[in-house]
Amino acid sequence: MPDRPKRVAAIHDLSGFGRCSLSVILPTLSVMGVQVCPIPTAVFSTHTGGLGEVQRRDLSDFTLRALHITKSWGWN
């Protein structure tokens, strides 16, 4: 039986513009052969590195429910 790929929960924000957060970690870990399970904590209109006003949507309520569900899968 082939080995199951390594899995990781990527618990990060997601920026609509910029090279940061989930938009960077997902492909990076995937290329390394890791199965990435993204769990967004917030959504930003852009990264916070000086591009002016940033719109933000907090996803804390979703994040906690998502983590509860993934824990029920029993992954180690």
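The following conversation goes through the predicted model of one protein, from its overall fold to single residues.

Colleague: How many helices and strands does the protein have?
Modeller: The predicted model has 2 helices and 3 strands.

Colleague: Which pattern do they follow along the sequence?
Modeller: The pattern reads β-α-β-β-α.

Colleague: How do strands β1 and β2 run, parallel or antiparallel?
Modeller: Strand β1, residues 7-15, and strand β2, residues 35-44, run parallel, and 8 bridges join them. In this pairing, I11 of the model stands opposite I39 in β2, and V8 has V36 as its bridge partner in β2.

Colleague: And which unit do β1, helix α1 and β2 make?
Modeller: They make a right-handed β-α-β unit, with helix α1 covering residues 22-31.

Colleague: What about β2 and β3, parallel or antiparallel?
Modeller: Strand β3, residues 56-58, runs antiparallel to β2, and 3 bridges join the two. Within this pairing, V43 stands opposite R57 in β3.

Colleague: Changing topic, what is the radius of gyration of the protein?
Modeller: The radius of gyration is 15 Å, whereas a compact globule of 76 residues would have one near 11 Å. Along the principal axes, the C-alpha trace spans about 50 × 30 × 10 Å.

Colleague: How much of it counts as buried?
Modeller: Of the 76 residues, 20% count as buried. The accessible surface comes to about 5,700 Å², and carbon and sulfur atoms account for 59% of that surface.

Colleague: Which residues form the largest nonpolar core?
Modeller: That core has 5 residues, namely A10, L22, L29, V34 and V36. One of them, L29, touches V8, V34 and V36, if residues up to four places away in sequence are not counted. V8 and V36 are also the bridge partners mentioned earlier.

Colleague: Let us look at single residues. Where is A42, and is it buried or exposed?
Modeller: A42 has its place in strand β2. With a relative accessible area of 2%, A42 falls under the 20% cut-off, and therefore it counts as buried.

Colleague: What does A42 touch?
Modeller: Not counting residues up to four places away in sequence, A42 touches H12, D13, L14, R56, R57, D58 and L59. H12, D13 and L14 fall within the range of β1, while R56, R57 and D58 fall within that of β3.

Colleague: How far is A42 from G52 in space?
Modeller: The two residues are 18 Å apart, C-alpha to C-alpha, with 10 residues of separation in sequence.

Colleague: Why does R57 count as exposed?
Modeller: R57 counts as exposed because its relative accessible area is 59%, which is over the 50% cut-off. R57 lies in strand β3 and touches A42 and V43, with residues up to four places away in sequence not counted.

Colleague: How far apart are R57 and S72?
Modeller: Their C-alpha atoms are separated by 26 Å, and the residues are 15 apart along the chain.

Colleague: Now A9. Where is it found, and why is it only partly exposed?
Modeller: A9 is found in strand β1. The residue is partly exposed because its relative accessible area of 43% lies between the cut-offs of 20% and 50%. Leaving out residues up to four places away in sequence, A9 touches C37 and I39.

Colleague: How far is A9 from V36?
Modeller: Their C-alpha atoms are separated by 6.0 Å, although the residues are 27 apart along the chain.

Colleague: What share of the contacts joins residues at least 24 apart?
Modeller: The share is 53%, among contacts between residues at least 6 apart in sequence.

Colleague: What about S15, buried or exposed?
Modeller: S15 is buried, with a relative accessible area of 7%. The residue has its place in strand β1 and, apart from neighbours within four places in sequence, is in contact with C20, S21, F44, T46 and H47.

Colleague: Last one: where is T63, and what is it in contact with?
Modeller: T63 is found in helix α2, which covers residues 60-72. Leaving aside neighbours within four places in sequence, T63 is in contact with I39, P40 and T41. T63 is buried, with a relative accessible area of 8%.

Key
Residues numbered from 1 in each chain as written. Predicted model: local features only at pLDDT ≥ 70, side-chain atom pairs only at ≥ 80, totals over all residues. Heavy atoms only, no water. Pairing = 2+ DSSP bridges. Helix = DSSP H or I, 4+ residues; strand = E, 2+ residues; numbered from the N terminus. Right-handed = clockwise from strand over helix to strand, strands pointing away. Rg over C-alpha atoms; globule rule 2.2 N^0.38 Å. Buried < 20%, exposed > 50% of the residue type's maximum accessible area, 1.4 Å probe, protein only. Contact = heavy atoms within 4.5 Å. Areas by Shrake-Rupley, 256 points an atom, 1.4 Å probe, with all protein chains shown as cover. Core = buried A, V, L, I, M, F, W, Y, C linked by side-chain atoms within 4.5 Å.
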